[in-house]
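Me: I am new to this structure and should like to understand the terms used to describe it. Please explain how each one is justified.

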Amino acid sequence: MYRRWLWIPALVCACLSWAACDEKLSTVAGPTPALEPTFSSIQHDIFESTDSSGRAACINCHTNVGRNPSGGLNLVHDLAYDQIVNMASARKAGAVRIVPGDPDSSYLVQKLEGKAGIVGVRMPQNGPPYLTDGQMQIIRRWVQIGAPRN
Amino acid sequence: MKRLLTLVLGTVLFASSAALAQTPSDDPAALKLAEPDFALIGLPTNLRLPKFGSSFRVTHRFTCPLNEDNAASDLFGIDCGAQIGLEFRFGILPNTQIGIHRTSNKTIELFSEYSVLRQSAGRVLDVSAWFSIEGTNNFQDSYSPAIGAIVSRTIGDVAAIYVHPIYVNNTSDQPAELVDDNSSFMVGVGARIRILPTVYITGEVAPRTGYKGAAAGSTQDAVTHASFAIEKRAGGHLFQLNFSNSFGTTMAQIARGGPVGNDWYLGFNISRKFF
């Protein structure tokens with residue numbers, strides 16, 4: 001009598017055991033497999049590193065080490081967060097580099113995606129390669145969750 | 001939505017008392033006039049499959065919306081591509097069926113359905129348990145298990161009403177780090193009404209909480225899956241012409257909803273029973 005019901009909990013367990021089998025973030029992150037939607041990860045993997053696709057690190061130009069930062073944007077360690085979050089663009093009047101919670105309105109996102117209306121060229125300046133859709137998805141997610149200093 | 005609820009309510013209220021007094025046959029191989037197929041449009045029904053019986057179904061959803069400007073020149077979407085699903089189900093034990101459904105976006109869903117309660121003189125409802133798991137990229141990437149129930153009431157040979165409380169885990173096909181909620185609970189509501197001896201009209205909606213999909217090109221939630229259809233039974237076949245605001249035919253796809261708010265798409269289902 002009870003045996004006919006046993007397969008139900010067995011199947012439930014089998015189904016729920018698959019719950020942990022989510023798609024890995026690294027499959028989205030592409031050439032920066034360790035990239036996560038955190039500021040420290042974006043700083044390390046995007047701002048400060050050249051990735052395996054050949055995309056240049058941002059701090060090649062956006063640094064005050066031995067030069068003036070391009071576009072008035074300095075992305076060196078310990079300065080980058082305060083340079084982008086809720087900071088007005090030096091090039092485009094009225095634009096804010098990162099608007100927490102609103103990736104579409106964030107000028108940095110627009111520059112990286114080459115949206116219409118940006119001043120100057122799409123970043124990185126010597127691209128392609130540019131950031132991949134997956135890399136941008138992760139950056140957008142960090143902005144969307146409020147651009148925390150994490 | 002309001003029209004569908006009115007339709008369902010109207011059917012319940014105006015069904016004759018003689019029809020209400022009838023109870024469905026207990027033979028799973030017998031034709032159930034009010035429940036002729038194993039699915040409404042995307043959501044499952046309580047129709048039992050005889051032991052060692054089987055059924056095959058093709059689902060087809062054209063991907064150009066009916067309400068675009070040049071819809072007529074695309075023959076209402078028929079000139080466009082489509083999301084196609086192939087499904088096979090098999091009765092492994094009495095009251096128990098398993099099946100596989102693959103859609104052309106490389107999603108494979110494995111499912112099982114167990115008939116727990118049968119509508120009879122003493123029971124007002126049919127209840128089945130539903131378990132499924134689907135995986136994207138040919139069952140290699142993102143897995144979405146679903147567990148729930150199919151609750152229905154047939155009204156004589158005239159109509160059947162369905163409620164599907166279903167929990168879908170890991171609904172998003174994106175990594176959990178990129179979405180707020182990654183699971184959904186939906187309550188599908190549907191009905192099938194026999195308007196002529198072999199002709200039916202069918203409708204279903206699947207409102208949900210938790211992860212609600214993402215509308216194309218925006219950060220907005222996707223729209224709630226809704227669909228209606230007209231269908232013709234011919235022997236063991238059921239031919240269905242449907243109109244949907246999403247392409248979903250698996251549980252996670254239905255929970256993700258439709259891509260754009262006001263777009264509706266033409267589609268069809270064809271099913272065949274082998275018993």
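Me: Which residues touch the most other members of the largest nonpolar core?
Reply: In this predicted model, the largest nonpolar core has 32 residues, and B:L43, B:A159, B:Y162, B:V168 and B:M251 touch the most other members. Several elements of chain B give two or more residues to this core, including β5 (126–135), β6 (143–155), β7 (159–168) and α4 (251–256). The most comes from β7(B), with six residues.

Me: What makes a set of residues a nonpolar core?
Reply: The members must be buried, must belong to a list of residue types that includes Ala, Val, Leu, Met and Tyr, and must be joined through C-beta atoms within 7 Å. A second, separate core has 27 residues, among them A:C58, A:I59, A:I98 and A:A147.

Me: Which residues does B:M251 touch, leaving aside those up to four places away in sequence?
Reply: B:M251 touches B:S132, B:E134, B:A146, B:I166 and B:V168.

Me: Why is β6(B) called largely enclosed by the rest of the structure?
Reply: A residue is buried if 20 or more other C-beta atoms lie within 10 Å of its own. Because 10 of the 13 residues of β6(B) are buried, the strand is described as largely enclosed. For chain B as a whole, 47% of the 275 residues count as buried.

Me: How do you know that β6(B) pairs with β5(B), and with β7(B)?
Reply: Pairing requires at least two bridges between the strands. There are 10 bridges between β5(B) and β6(B), which run antiparallel, and B:E134 stands opposite B:S144 in β6(B). Eight bridges join β6(B) to β7(B), also antiparallel, with B:T154 opposite B:A160 in β7(B). Both counts therefore satisfy the requirement of at least two bridges.

Me: What is found in the hairpin of β6(B) and β7(B)?
Reply: Three residues lie between the strands, and B:G156 takes a positive phi near 55 degrees.

Me: Why is B:L31 called partly exposed?
Reply: A residue counts as exposed with 12 or fewer other C-beta atoms within 10 Å and as buried with 20 or more. B:L31 has 13, so this residue is partly exposed. B:L31 is found in the loop between α2 (17–21) and β1 (54–62) of chain B. B:L31 and B:G236 are 205 residues apart in sequence, and their C-alpha atoms are 9.2 Å apart in space.

Me: Where does pLDDT stay under 50 in chain B?
Reply: It does so over residues 8–21. The mean pLDDT of chain B is 88, and 89% of its residues reach 70 or more. For the complex, the predictor gives an ipTM of 0.74 and a pTM of 0.79.

How values were computed
Residues are numbered from 1 along each chain as its sequence is written. Chains are lettered from A and ligands numbered from 1 in the order in which they are written. This is a predicted model: local features need pLDDT of at least 70, side-chain atom pairs count only at pLDDT 80 or more; totals for chains, interfaces and linings use all residues. Helices (H or I, at least four residues) and strands (E, at least two) are DSSP runs, numbered from the N terminus. pLDDT is the predictor's confidence in each residue, from 0 to 100. Two residues are in contact if their C-beta atoms, placed from the backbone, lie within 7 Å.
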